[in-house]
Amino acid sequence: MKVAVFSTKAYDETHLNKFNEGKHEFTYIPARLTKLTASLADGHEAICCFVNDQLSTECIEIMANYGVQYIAMRCAGYNNVDLNACAQHNIKVVRVPEYSPYAVAEHAVALMMDLNRNIHRAFSRVREHYYILDGLLGFDMYGKTIGVIGTGKIGVCLIKIMLGFGCKVVAYDLYPSDEVKALGVDYRSLNDLYKLSDVISLHCPLNSDTHHMINAAALNKMKKGVMIINTSRGGLVDTVAVIEGLKTEQIGHLGLDVYEEETDLFFEDFSNTILQDDVFARLLTFSNVVITGHQAFFTREALDAISKVTLNNLTALELGDLDKACLIPFP
Ligand code: NAD
């Protein structure tokens, strides 16, 4: 099948080629999919997209006009895909529901531990031969309460790691899982979770119910000095409210791998340009905020798995073997 791969980085090309065995013909396109770049899909039966490609109503219409029949997301989340438009044009959409939940959960823990023990500040201090410990005081994770919102594949991995640290875990999910209950984790209301948790980690999808769930009202229900970790989707957090929470010290630490306005920022080199996003600029001024550029998924194992599942999805679609494709149901 001829596939236009948008938002291609060198590592995408390497990993897709590694497992392709000549089955599919890829056109690698470094640009993000937007209505301006959509014409590059011409002549392809499928497009392959990532988290910040714009699969809007308009782009889907353009795809349909070019004869694109399939969209293969090389990620788990699909909040950037207008599924109604896909349904209308009968464009089938597949994704990679699970590649390495460990990668994302472990990155959430990396952010937690970096923030807690001030590793990012210690790193710079030692390089400057400045060995003063003031300002680096952390806390034992042992015995602390971790609130996990969303106990799917990644949430469960995180819970197991945190239990290994000797933490207490409370959880919230619309659909509590028996596996999580069997680990001895308490499902609580969102309000209870906010009240009880020293650290809150977000692992639910972004949708109209969860958009800005971490807002001023939610922050007011949390413990003073709470640590918030978001490796899920930027839109879960109201960034302006969170900045206010950092200023009042209601939030003690903030670890982000995702940002609500990341689309025009992450995965690109802006090192020679002036940052235009004042909200993001303000976030960067806090020494108790650590931000990574959507890299939680970025392990060798995860990239291998993403490529294998994407290739299987494309082959299954080509053969009409829909049972073997990870299809996203139309709404
Ligand atoms: P999953 O589908 O296995 O789990 C999501 C869980 O959230 C489910 O248990 C679901 O019931 C729950 N949920 C749904 N709506 C909810 C709500 N309103 N409140 C509370 N819980 C709710 O997904 P996953 O594989 O664990 O991934 C979780 C999220 O992580 C994805 O949606 C994606 O956005 C994000 N993600 C980020 C990266 C990264 O690199 N930063 C990589 C992969 C996934």
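An oxygen atom of the ligand is 3.3 Å from a side-chain N or O atom of Arg 233. This is a predicted model, and that pair is one of several polar contacts with the ligand listed here.

| Residue (polar side-chain atom) | Ligand atom | Distance |
|---|---|---|
| Lys 153 | oxygen | 2.9 Å |
| Asp 257 | nitrogen | 3.0 Å |
| Arg 233 | oxygen | 3.3 Å |

How much of the ligand does the protein bury? Taken alone, the ligand exposes 860 Å². The protein buries 86% of that area.

**The ligand site**

The ligand sits in the largest pocket. Around the ligand are 22 residues. The closest are Tyr 99, Lys 153, Ile 154, Asp 173 and Thr 231. Lys 153 thus appears twice: it is among the closest residues, and its side chain places a polar atom 2.9 Å from a ligand oxygen. By class, the shell holds 10 nonpolar residues, eight polar ones and four charged ones.

**The chain as a whole**

The protein chain is divided into two parts, domain 1 and domain 2. Domain 1 is made of two stretches, 2-99 and 300-324. Domain 2 covers 101-291. Tyr 99, one of the residues closest to the ligand, falls in domain 1 by these bounds. Lys 153, Ile 154, Asp 173 and Thr 231 are also among the closest, and their numbers place them in domain 2.

How far apart are the centres of domain 1 and domain 2? Taken over C-alpha atoms, 30 Å separate them. The domains also touch: 12 residues of domain 1 are in contact with 11 residues of domain 2.

Key: Residues are numbered from 1 along each chain as its sequence is written. This is a predicted model: local features need pLDDT of at least 70, side-chain atom pairs count only at pLDDT 80 or more; totals for chains, interfaces and linings use all residues. Side-chain values use heavy atoms; hydrogens and water are left out. A residue is near a molecule or strand if one of its heavy atoms lies within 4 Å of it. A polar contact is a pair of N or O atoms within 3.5 Å; within protein, one must be able to donate a hydrogen and the other to accept it, and residues adjacent in sequence count only if both atoms are side-chain atoms. Accessible areas come from the Shrake-Rupley method with a 1.4 Å probe; for residues, only the protein chains shown count as cover. On a 1 Å grid over the protein atoms alone, a cavity is a set of points where a 1.4 Å probe fits but cannot get out, and a pocket is an open set with protein on both sides within 12 Å along at least five of seven lines; lining residues have an atom within 4 Å of a point. A molecule sits in a cavity or pocket if more than half of its atoms lie within 2 Å of its grid points. Ala, Val, Leu, Ile, Met, Phe, Trp, Tyr, Cys and Pro count as nonpolar, Asp, Glu, Lys and Arg as charged, and the others, Gly among them, as polar. Domain bounds come from an automatic or database domain assignment. Contact means heavy atoms within 4.5 Å.
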